[in-house]
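User: I would like a careful, close look at a protein model, starting from a single residue and going on to other places worth reading slowly. Please explain each step as you would to a first-year student.

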Amino acid sequence: MTDAITIFDTTLRDGEQSPGCSMNTQEKLQVAEALVELGVDVIEAGFPIASPGDFEAVQRIAQRFGDRTTICGLARCRTEDIDRAWEALKDAANVRIHIFLATSAIHREFKLKMGKEEIVRRAIEGVKRGKEYCDDIEFSPEDAARTELDFLCEVVEKAIDAGATTVNIPDTVGYATPAQYRKVFEHLRANVPNIGKAVLSTHCHNDLGLAVANSLAAVEGGARQIECTINGLGERAGNAALEEIVMALRTRADYYGVETKINTPRLYPTSHLVSGITGMKVQRNKAIVGQNAFAHEAGIHQHGMLQERTTYEIMRPEDVGYVGNNLVLGKHSGRHAFRDRIKQLNLSIDEDTFARVFDDFISLADKKKEVYDSDIVALVENRIGETSDRWQIVGFHTSAGTGLVPTATVQLKDDKGEVHCDAATGDGPIDAVFNTLERIIGIEARLDDFQVRSVSRGKDALGEVTVAISALGRTYHGKGVSTDIIEAGCRAYLKALNAAEADRQANRPAQPAVVPQGV
Ligand code: KIV
Ligand code: ZN
């Protein structure tokens with residue numbers, strides 16, 4: 001018999017809270033859909049009282065996916081937060097309210113200015129308030145890992161008595177170490193009389209690079225829910241990475257003796273999606289989802305692999321949906337073979353997008369000797385969502401060189417089919433293109449980040465540009481690919497401006513600079 005572990009994904013709440021990673025509602029819905037397909041048990045969709053945008057996103061995720069998984073909303077231990085969370089969640093069939101209140105001495109004294117008794121009283125009141133709305137209530141004593149063990153036991157016991165069905169033990173500042181954190185769970189299980197009435201949960205931050213190790217230690221100590229994010233996204237050094245935890249539990253099932261319901265071949269595509277939307281790149285050598293995670297360069301490894309994979313491979317790339325540099329189809333491959341390949345790569349696109357991607361594939365295969373799986377993924381990502389964008393590229397031209405003023409002319413088509421053309425200069429051809437796009441669309445933006453990478457290898461490889469821009473008081477991201485790096489930049493910038501345009505059309509207010517903290 002193996003125990004089931006609940007995977008609680010907080011990419012859309014704790015992950016999104018990290019600077020520069022904010023997502024609009026449409027993007028959050030896309031990530032939520034990927035999380036549902038990945039098979040997570042709980043999606044923490046946001047912090048409804050934080051802003052009207054957060055509220056709207058939680059509500060829409062609850063309405064759309066609340067019958068397929070549990071949708072959770074965060075609330076401080078305050079009546080107005082809890083009421084607001086319920087308001088956003090109430091349409092979902094499976095709902096959880098997550099209530100938090102700090103308990104450590106340092107938070108009590110400096111942030112909350114409250115004594116222990118008041119903390120306990122408020123925790124009880126908060127859980128009872130949540131319980132008036134739904135049965136599934138999670139309580140988090142924030143900064144639990146730095147809370148005196150006796151007091152932590154008292155708060156946990158009272159929260160469970162008040163009706164908490166999950167008790168989370170957050171290592172809010174990433175201070176814990178594995179053996180010590182494991183002992184906290186063992187201590188709670190040995191000293192809280194009603195502990196059997198709730199699920200114990202772990203929530204780790206990665207400030208010391210120990211978030212995954214601490215989460216796994218918590219499982220050894222008795223935790224049966226793990227809170228984590230895709231790619232370890234999250235404030236500062238991030239949260240515990242979902243993909244690493246899931247694959248550690250699966251690969252070492254012999255040791256942990258627990259299982260999750262995660263559909264592991266969806267890990268790589270989900271990681272890609274989140275990285276594309278947030279603009280937060282995955283480091284090449286990142287475990288499980290990094291580009292090099294399954295690359296065996298050393299001769300001795302390659303030799304071993306050819307004899308028997310398991311000599312140097314503890315997981316199969318296909319188990320995590322890894323897309324490498326497999327050589328794929330050539331320019332004579334037909335539509336049918338191309339569609340099959342898209343299916344094998346676990347990519348789902350509508351017919352309209354398929355037609356565009358197929359045309360891109362044919363013209364890429366004309367320019368480039370070898371087309372790889374990673375090229376196909378990039379071509380698909382380049383076109384996804386494009387049909388709902390207001391502005392589409394018709395064409396562009398640049399001129400630049402030593403002694404010349406870099407100039408760009410761009411033609412865009414709007415959603416009514418009308419073509420708009422303008423020109424501008426810049427301090428290079430890419431800057432000139434960006435300035436022209438802003439002139440046509442009528443949105444001023446600041447470029448905060450610009451990154452270029454090659455999708456596969458060779459001089460004829462596809463180039464991928466990712467940008468982050470600030471416009472209309474928010475951050476937007478965009479990604480574009482092409483064998484022409486100026487075109488890739490143009491597509492990336494246009495993608496980000498299209499996201500800003502969608503917010504402008506919907507009259508969405510600028511994001512509040514600060515997420516409410518504390519009680
Ligand atoms: O890190 C933390 O303490 C949190 C809580 C809100 C659970 O994110
Ligand atoms: Zn956190």
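Where in the structure is Glu351 found?

Analyst: Before starting, please keep in mind that this is a predicted model. Glu351 is found in helix α15, a helix that covers residues 351-367. The side chain of Glu351 is joined to that of Arg339 by a polar contact of 2.8 Å. If you look from Glu351 towards Thr165, you will find the two residues 186 positions apart in sequence, and their C-alpha atoms are 44 Å apart in space.

Aromatic residues are a useful next topic. Phe338, Phe354, Phe358 and Phe361 form one aromatic cluster, and a search of the whole structure finds 13 aromatic pairs. In one of these pairs, the ring centres of Tyr181 and Phe185 lie 5.0 Å apart while the ring planes make an angle of 80°, and the pair is therefore described as edge-to-face. The cut-off behind that word is an angle of over 60 degrees between the planes. Tyr181 and Phe185 belong to helix α8, which runs over residues 178-191, and because they are 4 residues apart in this helix, about one helical turn separates them. Both members of the pair are buried, and for Phe185 the relative accessible area is 0%. Measuring along the chain from Phe185 to Gly115 gives 70 residues, and the distance between the C-alpha atoms of these two is 24 Å.

A second pair can be read in the same manner: the rings of Tyr255 and Tyr256 have centres 5.0 Å apart and planes at 80°, so this pair, too, is edge-to-face. Tyr256 has a relative accessibility of 19% and counts as buried because the limit for that word is under 20%.

The metal site brings in another part of the chain. The zinc ion, which is ligand 2, is coordinated by an OD atom of Asp14 and by the NE2 atoms of His203 and His205, at 2.0 to 2.1 Å. Written as a pattern along the sequence, the spacing of these donor residues is D-x188-H-x1-H. Asp14 sits in helix α1, whereas His205 sits in the loop between β8 (199-204) and α9 (211-221), so this pair ties together parts of the chain that are 191 residues apart in sequence. Two of these donors can also be described by their accessibility: Asp14 is buried with a relative accessible area of 3%, and His205 is likewise buried at 5%.

The three zinc donors appear again around ligand 1, whose surrounding residues include Asp14, His203 and His205, together with others such as Arg13, His98, Ser140 and Asn168. An oxygen atom of ligand 1 is 3.0 Å from an N or O atom in the side chain of His205, and for the side chain of His203 the corresponding distance to a ligand oxygen is 3.1 Å. The side chain of Asp14 also has an N or O atom that is 3.1 Å from an oxygen atom of ligand 1. On its own, ligand 1 has 260 Å² of accessible area, and the protein covers 95% of this. Two or more residues of the surrounding shell come from each of the elements α1 (11-15), β5 (95-102), β6 (137-142) and β7 (166-171). Sorted by class, the shell holds 2 nonpolar, 6 polar and 3 charged residues.

The backbone deserves a look as well. Most residues other than glycine have a negative phi. Asn231 is not a glycine, yet it has a positive phi of about 65°, and Arg236, also not a glycine, has a positive phi of about 50°. Asn231 lies in the loop between β9 (225-228) and α10 (242-251), and Arg236 has its place in the loop between β9 and α10 as well. With a relative accessibility of 16%, Asn231 counts as buried.

Finally, Arg474 is found in strand β16, which covers residues 474-482. Arg474 counts as buried at 12% relative accessibility, and a polar contact of 3.5 Å joins its side chain to that of Asp503.

Definitions and conventions:
Residues are numbered from 1 along each chain as its sequence is written. Chains are lettered from A and ligands numbered from 1 in the order in which they are written. Side-chain values use heavy atoms; hydrogens and water are left out. A residue is near a molecule or strand if one of its heavy atoms lies within 4 Å of it. A polar contact is a pair of N or O atoms within 3.5 Å; within protein, one must be able to donate a hydrogen and the other to accept it, and residues adjacent in sequence count only if both atoms are side-chain atoms. Accessible areas come from the Shrake-Rupley method with a 1.4 Å probe; for residues, only the protein chains shown count as cover. Ala, Val, Leu, Ile, Met, Phe, Trp, Tyr, Cys and Pro count as nonpolar, Asp, Glu, Lys and Arg as charged, and the others, Gly among them, as polar. Donors are N, O and S atoms within 2.8 Å of the metal (3.2 Å for Na, K and Ca); water is not among the atoms, so sites may look incomplete. Buried means under 20% relative accessible area, exposed over 50%, partly exposed in between (1.4 Å probe, protein chains only). Rings of Phe, Tyr and Trp (its six-membered ring) pair if their centres lie within 6.5 Å; planes under 30 degrees apart count as stacked, over 60 as edge-to-face and the rest as tilted.
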